[in-house]
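Q: Could you take me on a close look at the largest pocket in this predicted model? I'd like to know which element gives the most to its lining, and what kinds of residues are found there.

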Amino acid sequence: MNLDQVTLEIRPRSAWEAVDLGILMAKRWWLPMMKVWLLASLPILLLALIIPWKWYWLGGALIWWLKPIYERPLLHILSHAVFNDLPDTRSTFKLFPSLALKQIIASLTWRRFSPSRSMDLSVLQLEGLSGARRQERLGVLHREDSSPAGWISFMGLGMEFFLWIGILSFIWALLPQELDIEWAGLFFTQDSTELHNLQIILWYLSLGLTAPFYVACGFALYLNRRIKLEAWDIDIAFRRIANKRRTSNTTLTSLLFALALGLSSFFIDAQRSAYAGDRLPEVGTSTDAV
């Protein structure tokens with residue numbers, strides 16, 4: 001971790017200010033995050049679409065339940081991007097299997113409904129802690145600024161649902177009124193496989209549109225706690241002071257060297273001028289007669 005390369009303003013923030021920072025982070029790196037999310041979750045969508053229509057709801061539940069798995073490459077992108085090392089899509093996708101298998105059983109069972117899951121993911125993935133050490137670390141992180149993580153989970157679930165309903169309603173509104181079709185029956189009937197597939201795809205897109213913001217807000221809360229606990233802002237300030245002094249010393253040394261070089265050149269030129277001004281001894285001429 002190189003604090004000299006950080007691309008964010010490092011300073012202690014309030015919890016909700018950190019959430020605002022997470023939203024800005026998601027907006028800035030939304031495109032690479034969305035690419036990786038689609039690649040990581042696409043096999044789950046295809047699996048959900050082949051489920052028989054009588055149990056189509058299992059497809060939507062499966063996509064939602066496995067969210068912690070394909071949120072991990074998003075955190076990988078963010079954790080490198082904030083230190084000016086944005087990974088490309090190919091390298092991130094290659095790491096996806098190893099990222100997904102970290103404590104996968106716990107992440108999909110008793111930790112699945114944790115309200116602070118977005119904030120806790122950084123402890124699992126970036127610090128690699130488990131067991132008692134993980135609990136101790138979470139206890140330290142949750143002493144302050146952890147309550148917004150629960151609200152993020154609650155609001156994220158609501159956003160997913162209302163976004164799904166909104167996209168369905170938007171498609172419905174775009175359909176021409178001249179078509180004599182009972183759209184309510186088409187969208188809510190239980191006998192249309194195409195309808196169920198459409199609902200699953202739109203649900204999948206709703207989860208994908210909100211996932212970068214969910215992960216980024218949790219990561220911002222985690223960063224904010226580490227900034228407060230480890231005084232990153234003070235560390236960066238001291239590094240800047242040291243760099244300024246080092247630069248000043250280097251500049252002063254260069255000036256002294258240039259001054260010494262100039263003075264030495266001046267004295268050498270003066271000495272040469274002095275030698276040039278001296279009269280050479282006259283050579284006597286012979287007066288002897290032949």
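A: Happy to! H10 gives the most to the lining of the largest pocket, with nine residues. Keep in mind that this is a predicted model. The space in this pocket comes to about 520 Å³. Its lining is made up of 24 residues, and the closest to the pocket's centre are Ile-152, Ser-153, Gly-156, Leu-157 and Tyr-214. Three elements each supply two or more residues to this lining: helix H1 (15-28), helix H10 (147-174) and helix H12 (193-230). As for chemistry, the lining residues split into 15 nonpolar, five polar and four charged.

The second largest pocket makes a useful companion to this picture. Its volume is about 210 Å³. Around it you will find Tyr-56, Trp-57, Gly-60, Ala-61, Trp-64, Leu-157, Phe-161, Trp-164, Gln-199, Ile-200 and Trp-203. Here the elements that contribute two or more residues are helix H3 (56-65), H10 and H12. H3 provides the largest share of this second lining, five residues. By type, the lining of the second largest pocket holds nine nonpolar residues, two polar and no charged.

If you are scrolling through the structure, Leu-157 is a handy place to pause: this residue is among those closest to the centre of the largest pocket, and Leu-157 also lines the second largest one.

Definitions and conventions
Residues numbered from 1 in each chain as written. Predicted model: local features only at pLDDT ≥ 70, side-chain atom pairs only at ≥ 80, totals over all residues. Heavy atoms only, no water. 1 Å grid on protein atoms, 1.4 Å probe; cavity = no way out; pocket = protein on both sides within 12 Å on 5 of 7 lines; lining within 4 Å. Points joined across faces, edges and corners; volume = space filled by probe spheres on them. Helix = DSSP H or I, 4+ residues; strand = E, 2+ residues; numbered from the N terminus. Nonpolar A, V, L, I, M, F, W, Y, C, P; charged D, E, K, R; others polar.
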